[in-house]
Amino acid sequence: MLWARQFGRTEDYMAALSRRHFEAGLDVEACAAMLSSDRLVRDVWRPYGTTIHDKGIHSIPLFIFNSQLTDGGPFRSGSPEEEHGSGNKERFLEIFERLLAGVERAKSKV
């Protein structure tokens with residue numbers, strides 16, 4: 001869906017996707033019944049819960065700030081600046097300035 005949005009085609013993409021159940025021979029009424037139930041709630045939340053635990057995400061939102069030098073975050077191995085929670089403009093400015101300073105130091109060594 002995000003890919004289609006780049007081209008202004010989100011609605012076309014979603015409409016085509018919603019028609020695919022007919023091609024797959026899926027029962028529309030059974031699908032509607034499943035969607036209105038809690039049958040798959042545990043299946044949906046289990047990987048979400050595992051991911052936030054395994055990646056050390058303990059607050060929402062979690063902001064990950066990278067520069068050309070850091071390339072990190074919960075799903076990468078670098079060393080980004082992280083801000084857990086909503087933060088404030090002073091904290092974000094501090095993070096941006098620290099990242100910029102690191103990049104400028106690296107450029108001056110070249």
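**Exercise 1. Leaving aside neighbours within four places in sequence, which residues is E81 in contact with?**

Solution. This is a predicted model.

Step 1. Place the residue. E81 belongs to strand β2, which covers residues 81-84.

Step 2. List the partners. Beyond its close sequence neighbours, E81 is in contact with F63, I64, F65, R91, I95, R98 and L99.

Step 3. Check its cover. E81 has a relative accessible area of 16%. Buried means under 20%, so E81 is buried.

Step 4. Look for a polar link. The side chains of E81 and R98 are joined by a polar contact of 2.6 Å.

**Exercise 2. Find the salt bridges of R91 with E83 and E94, and describe the cover of each residue.**

Solution. Side chains of opposite charge can pair when their charged atoms come close.

Step 1. Take E83. Its side chain meets that of R91 in a salt bridge of 2.5 Å, N to O. E83 is buried, at 12% relative accessible area.

Step 2. Take R91. Its relative accessible area is 21%. The limit for buried is under 20%, so R91 counts as partly exposed.

Step 3. Take E94. A salt bridge of 2.9 Å, N to O, links the side chains of R91 and E94. E94 is partly exposed, at 38% relative accessibility.

Step 4. Explain the spacing. R91 and E94 sit three residues apart in helix α5 (residues 89-109), so about one helical turn separates them.

**Exercise 3. Extend the chain of pairs from E94 to R98, then name the network.**

Solution.

Step 1. Find the link. The side chains of E94 and R98 form a salt bridge of 3.5 Å, N to O.

Step 2. Explain the spacing. E94 and R98 are four residues apart in helix α5, so they too are separated by about one helical turn.

Step 3. Check R98. At 36% relative accessibility, R98 is partly exposed.

Step 4. Join the pairs. Salt bridges with shared partners tie E81, E83, R91, E94 and R98 into one network.

Step 5. Count for the protein. The total is six salt bridges.

**Exercise 4. Which residues make the nonpolar surface patch of about 610 Å²?**

Solution.

Step 1. Name the members. They are L40, V41, V44, W45, Y48 and I60.

Step 2. Place one of them. V41 lies in helix α4, residues 41-54.

Step 3. Test its cover. V41 has a relative accessible area of 37%. Patch residues need over 30%, so V41 passes that cut-off. V41 counts as partly exposed.

**Exercise 5. Describe the fold as a whole, and decide whether the protein is spread out or a compact globule.**

Solution.

Step 1. Count the elements. The protein has five helices and two strands.

Step 2. Order them. From the N terminus, the run is α-α-α-α-β-β-α.

Step 3. Compare the radius of gyration with the globule rule. The radius is 21 Å, while the rule gives 13 Å for 110 residues. The value is well over the rule, so the protein is more spread out than a compact globule.

Step 4. Add the spans. Along its principal axes, the C-alpha trace covers about 65 × 35 × 25 Å.

Step 5. Turn to burial. Of the 110 residues, 16% count as buried.

Step 6. Turn to the surface. About 9,100 Å² is exposed, and carbon and sulfur atoms supply 57% of it.

Step 7. Finish with contacts. Among contacts with a separation of 6 or more, 27% come from residues 24 or more positions apart.

Conventions:
Residues numbered from 1 in each chain as written. Predicted model: local features only at pLDDT ≥ 70, side-chain atom pairs only at ≥ 80, totals over all residues. Heavy atoms only, no water. Patch = residues over 30% accessible without salt bridge, like charges linked within 9 Å, V, L, I, M, F, W, Y side chains within 5 Å. Areas by Shrake-Rupley, 256 points an atom, 1.4 Å probe, with all protein chains shown as cover. Salt bridge = Lys/Arg side-chain N within 4 Å of Asp/Glu carboxyl O. Buried < 20%, exposed > 50% of the residue type's maximum accessible area, 1.4 Å probe, protein only. Polar contact = N/O pair within 3.5 Å; in protein donor to acceptor, adjacent residues only side chain to side chain. Contact = heavy atoms within 4.5 Å. Rg over C-alpha atoms; globule rule 2.2 N^0.38 Å.
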